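Biologist: Please pick one small part of this model and take me through it up close, then work outward from there. I'm new to this, and plain words with every term spelled out would help.

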Amino acid sequence: MSDAKSNVIADSVLQNLQNLLGKEMYDVLIARITADYLRDGMNFRNALIQRPDIIEHAMIELLGQMGRIILVKICEDTLYEGIPTSPGQGSLAKWMYIMVNS
């Protein structure tokens, strides 16, 4: 797995999430997930790279069906090397694994 590639993808996902939710809602969601779901000082960005399954679980648990819709939308809007990508109805964790290992 390329660290540079992981970082580019994570930054793009985070930017798309902030664009979709707006800064205030984004900040609230990130703070809540960080406080309630992440351990050992892991921040949201590192969790997105290392443990996207936790981020996915947290968003779905906190936001329900809307969390699923948001996850699909941010993955669809994320570009890597100019190619739009989508998990379809798949999970963020699977999508991140495929993206960083392709």
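Modeller: Let's zoom in on arginine 32 and aspartate 36, whose side chains meet in a salt bridge, N to O at 2.4 Å. By salt bridge I mean a side-chain nitrogen of Lys or Arg within 4 Å of a carboxyl oxygen of Asp or Glu. Side chains of opposite charge can pair when their charged atoms come close. Before we go on: this is a predicted model, where local features need pLDDT of at least 70 and side-chain atom pairs count only at pLDDT 80 or more, while totals for chains, interfaces and linings use all residues. Residues are numbered from 1 along each chain as its sequence is written, and side-chain values use heavy atoms, with hydrogens and water left out.

Why do arginine 32 and aspartate 36 sit about one helical turn apart? They are four residues apart in helix 2, and that spacing is about one turn. (Helices are DSSP runs of H or I with at least four residues, strands are runs of E with at least two, and both are numbered from the N terminus.) Both partners are partly exposed: arginine 32 has 46% relative accessibility, and aspartate 36 has 37%. On this scale buried means under 20% relative accessible area, exposed means over 50%, and partly exposed is in between, with a 1.4 Å probe and protein chains only. Aspartate 36 also has a neighbour from another stretch of sequence: alanine 58 is 22 residues away along the chain, yet the two C-alpha atoms are 8.5 Å apart in space.

Helix 2 (residues 23-37) holds another pair with four-residue spacing, lysine 23 and aspartate 27. Their closest N and O atoms are 2.9 Å apart, again a salt bridge. Here lysine 23 is exposed at 53%, whereas aspartate 27 is partly exposed at 34%.

The whole structure has four salt bridges. One of them joins arginine 45 to aspartate 11, at 2.8 Å from N to O. Arginine 45 is in helix 3 (residues 44-50) and aspartate 11 in helix 1 (residues 3-21), so this pair ties together parts that are 34 residues apart in sequence. Arginine 45 is partly exposed at 25%, as is aspartate 11 at 40%.

Now step just past helix 2, into the loop that leads to helix 3, and you find aspartate 40. It isn't a glycine, yet its phi is positive, about 55°. Aspartate 40 is exposed, at 82% relative accessible area.

Last stop, the inside. The largest nonpolar core has 25 residues, and those with the most contacts inside it include Ile33, Phe44 and Ile55. A nonpolar core is a set of buried Ala, Val, Leu, Ile, Met, Phe, Trp, Tyr and Cys residues joined through side-chain atoms within 4.5 Å. Helix 2 is among the elements giving it two or more residues, as are helix 4 (52-63) and helix 6 (92-101). Leaving aside neighbours within four places in sequence, isoleucine 55 is in contact (heavy atoms within 4.5 Å) with Ile33, Leu38, Phe44, Ala47, Leu48 and Leu92.
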